[in-house]
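Colleague: I'm new to this one, so could you take me through the pockets slowly? I'd like a close look at the second largest, and then a word on what else is there.

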Amino acid sequence: MAAVAFALPILPGQEDLVRSFGEAVSGSGGLRGEYEESRKRLGIREEKVWVQRTPIGASIIVYWETEDPQRTLREIADSQDEIDKRFKQVVESAAPALDLSQENPLSNELLFDWQQH
């Protein structure tokens with residue numbers, strides 16, 4: 001299982017769109033069941049999402065555990081499920097730094113890794 005994290009800058013004025021999607025898929029939100037089914041189908045074992053605020057703006061920070069993050073993103077891009085379409089809409093509208101039309105949408109590089117044994 002691969003672990004990956006990526007950051008997507010949120011465009012000015014779009015944080016409410018990101019937050020409303022997060023509320024809809026978390027806890028007892030109206031899309032929670034669809035969201036869980038989507039993530040299982042996509043092979044995402046764990047997902048965590050934060051909003052990070054900095055002096056130059058806010059970003060979405062995403063952490064996934066999945067076999068192949070690039071494949072997972074391509075599957076989201078090709079998906080016709082409503083929840084995946086909504087996720088794509090949030091990314092395209094609020095945080096378009098991730099181009100889901102590319103063969104390898106993520107262009108991140110692990111610089112180092114450490115864990116206590």
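Modeller: Let's start with the term itself: a pocket here is an open set of grid points with protein on both sides within 12 Å along at least five of seven lines, and its volume is the space filled by probe spheres set on those points. Keep in mind that this is a predicted model. By that reckoning, the second largest pocket comes out at about 190 Å³. Its lining takes in Ala2, Ala3, Val4 and Ala5, along with Tyr63, Pro69, Asn108, Glu109 and Leu110. Strand S1, residues 2-9, provides the largest share of that lining, four residues. Sorted by class, the lining has seven nonpolar residues, one polar and one charged.

Now for the largest pocket, which has a volume of about 440 Å³. There, 21 residues form the lining, and Val18, Phe21, Gly22, Val25 and Val49 lie nearest the centre. Helix H1 gives the most, six residues, while H2, S2, S3 and H4 are among the elements that each supply at least two. The class split for this lining is 13 nonpolar, two polar and six charged.

S1 also turns up in the largest nonpolar core. That core has 27 residues, and Phe6, Ile60, Trp64 and Leu98 touch the most other members. S1, H1, H2, S3, H3 and H4 each put in at least two residues, with H4 giving the most, five. Take Ile60: beyond its neighbours within four places in sequence, its contacts include Phe6, Val18 and Val49. Those last two are also among the residues nearest the centre of the largest pocket.

How values were computed. Residues numbered from 1 in each chain as written. Predicted model: local features only at pLDDT ≥ 70, side-chain atom pairs only at ≥ 80, totals over all residues. Heavy atoms only, no water. 1 Å grid on protein atoms, 1.4 Å probe; cavity = no way out; pocket = protein on both sides within 12 Å on 5 of 7 lines; lining within 4 Å. Nonpolar A, V, L, I, M, F, W, Y, C, P; charged D, E, K, R; others polar. Core = buried A, V, L, I, M, F, W, Y, C linked by side-chain atoms within 4.5 Å. Buried < 20%, exposed > 50% of the residue type's maximum accessible area, 1.4 Å probe, protein only. Contact = heavy atoms within 4.5 Å.
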